[in-house]
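Visitor: I am new to this structure. Please show it to me, and then let me ask what the terms rest on.

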Amino acid sequence: MQQTVVDHIEQVAEDVVSLVLRGATGPLAPWEPGAHIDVTLPNWLTRQYSLCGDPADRESYRVAVRHDRLSRGGSEYIHRFLRQGRALDVSLPRNHFPLLPAPEYLFLAGGIGITPILPMLRAAAASDVPASLVYLGQSVASMPFVDDLRASFGDRVRIVATRRQGRPDFASVASALSPGAVVYACGPGPMLAAAEAAFPSGRLYAERFRPAPRSFAPNTAFEAVCARSGRTVPVPADESLLDALTHAGFPVAAGCREGVCGSCEVAVLDGEPEHRDDIGAPAGRMYACVSRALSPRLVVDL
């Protein structure tokens with residue numbers, strides 16, 4: 001965990017504020033485009049936000065937060081109550097959406113999905129790799145960083161106000177791509193579904209706000225053996241591994257509880273996990289908020 005102080009709060013679009021979080025005790029941990037951090041708020045909620053500043057700046061992190069009218073308390077607190085000078089704990093950066101080397105990039109962003117894409121576009125431009133951006137939003141006023149993007153990247157950025165212009169035809173965009181180009185996309189579900197239909201899966205990398213709709217076999221009960229303590233924790237069919245461990249006195253960090261942020265990663269020493277996350281758990285790991293077991297027991301490193 002790292003200690004930061006809210007250095008600056010700025011309105012960057014309708015219902016969107018940018019936060020600059022300055023390190024309270026020295027330089028902050030390094031990060032690369034696509035990374036996000038967990039921010040622990042004073043109302044005891046933890047939320048994940050993509051880093052959208054300059055990776056070369058080790059003194060501060062920048063994130064942007066849209067006010068969600070159906071907020072579970074995170075964006076509501078930030079927009080209504082957070083003030084400059086407030087101390088906030090943040091996690092080390094995690095990156096499940098890394099920018100891989102490619103001869104050309106097409107970036108697709110929808111609304112607040114511009115946040116992980118923005119440093120990617122800057123990194124591509126700094127490396128002289130051909131890159132373009134299609135940026136969608138209901139209106140220009142609702143889209144953060146539009147002026148900065150236009151000033152920095154000119155006609156490499158296409159701004160689409162969907163309420164007035166409609167949605168772009170991704171199939172025609174795909175047909176104009178060079179053979180080696182790869183596509184990075186972040187935005188709401190309908191935009192990502194359209195992108196997945198238009199671009200080959202091997203060339204499209206996407207980050208989701210919410211998990212994709214999928215179906216699994218009905219939950220079954222299993223046991224989690226905590227190797228370091230020797231205790232066995234029963235996990236009923238109607239309870240997540242995360243909650244069962246927490247109730248048994250083995251608190252595991254948790255953020256989204258939907259399998260998209262990676263904060264509840266645990267190491268699996270034995271047994272067969274059933275991965276239900278959207279980001280792809282590394283070998284020997286699982287995300288306790290959504291994933292379960294295909295074997296009667298799992299041995300975890302707790």
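Guide: The structure holds 9 salt bridges. This is a predicted model, in which local features need pLDDT of at least 70 and side-chain atom pairs count only at pLDDT 80 or more, while totals for chains, interfaces and linings use all residues. Residues are numbered from 1 along each chain as its sequence is written, and side-chain values use heavy atoms, with hydrogens and water left out.

Visitor: Why is the contact between Arg22 and Asp7 called a salt bridge?

Guide: A salt bridge needs a side-chain nitrogen of Lys or Arg within 4 Å of a carboxyl oxygen of Asp or Glu. Between the side chains of Arg22 and Asp7 the N to O distance is 3.4 Å, so the pair meets the definition. In general, side chains of opposite charge can pair when their charged atoms come close.

Visitor: Which parts does the pair of Arg22 and Asp7 tie together?

Guide: Arg22 lies in strand E2 (residues 16–23) and Asp7 in strand E1 (residues 2–13), so the pair ties together parts that are 15 residues apart in sequence. Strands (E, at least two residues) and helices (H or I, at least four) are DSSP runs, numbered from the N terminus.

Visitor: What makes Arg22 "partly exposed"?

Guide: Buried means under 20% relative accessible area, exposed means over 50%, and partly exposed is in between, with a 1.4 Å probe and protein chains only. Arg22 has 35% relative accessibility and therefore counts as partly exposed. Asp7, with 30%, is partly exposed because its value falls in that range.

Visitor: How do you know that Arg228 and Asp301 form a salt bridge?

Guide: Their side chains meet at 3.1 Å, N to O. Arg228 lies in the loop between strand E12 (222–226) and strand E13 (231–235), and Asp301 in the segment after strand E18 (297–300), so this pair ties together parts that are 73 residues apart in sequence. Arg228 counts as exposed, at 63% relative accessibility, whereas Asp301 is partly exposed, at 32%.

Visitor: Are Arg276 and Glu274 buried or exposed?

Guide: Both Arg276 and Glu274 are buried. Their side chains also meet in a salt bridge, at 3.0 Å from N to O.

Visitor: Why is Cys264 said to be in no disulfide?

Guide: A disulfide is a pair of cysteine sulfur atoms within 2.5 Å. The structure holds 0 disulfides. For Cys264 the nearest cysteine sulfur, that of Cys289, is 3.6 Å away, so the pair does not meet the definition. For Cys226 the nearest cysteine sulfur is that of Cys264, 15 Å away. Cys226 is buried, with a relative accessible area of 0%, and Cys264 counts as buried at 3%.

Visitor: How do you know that the span of helix H2 agrees with what is expected?

Guide: The expected span of a helix is 1.5 Å times one less than its number of residues. Helix H2 (residues 114–126) has 13 residues and should span 18 Å; its end C-alpha atoms are 18 Å apart, so the two agree. Among the buried residues of H2 are Ile114, Met120 and Ala124.

Visitor: What is notable about the phi of Asp128?

Guide: The phi of Asp128 is near 60°, a positive value in a residue other than glycine. Most residues other than glycine have a negative phi. Asp128 lies in the loop between H2 and E8, and is exposed, with a relative accessible area of 70%. Trp44 also has a positive phi, near 75°. Trp44 sits in the loop between strand E3 (36–40) and E4 and is exposed at 77%.

Visitor: What makes strand E9 an edge strand?

Guide: The open sheet has 5 strands in the order E9-E8-E7-E10-E11, with parallel pairing. Strand E9 (157–161) and strand E11 (204–208) are the edge strands, each pairing on one side only. Two strands pair if DSSP finds at least two bridges between them. Strand E10 (residues 182–187) is joined to E11 by 5 bridges, so the two count as paired. Cys186 stands opposite Glu207 in E11.

Visitor: Why is Ser50 called buried?

Guide: Ser50 has a relative accessible area of 14%, and is therefore buried. Ser50 is found in strand E4 (residues 46–50). With contact meaning heavy atoms within 4.5 Å, Ser50 touches residues including His36, Thr115 and Glu207, not counting residues up to four places away in sequence.
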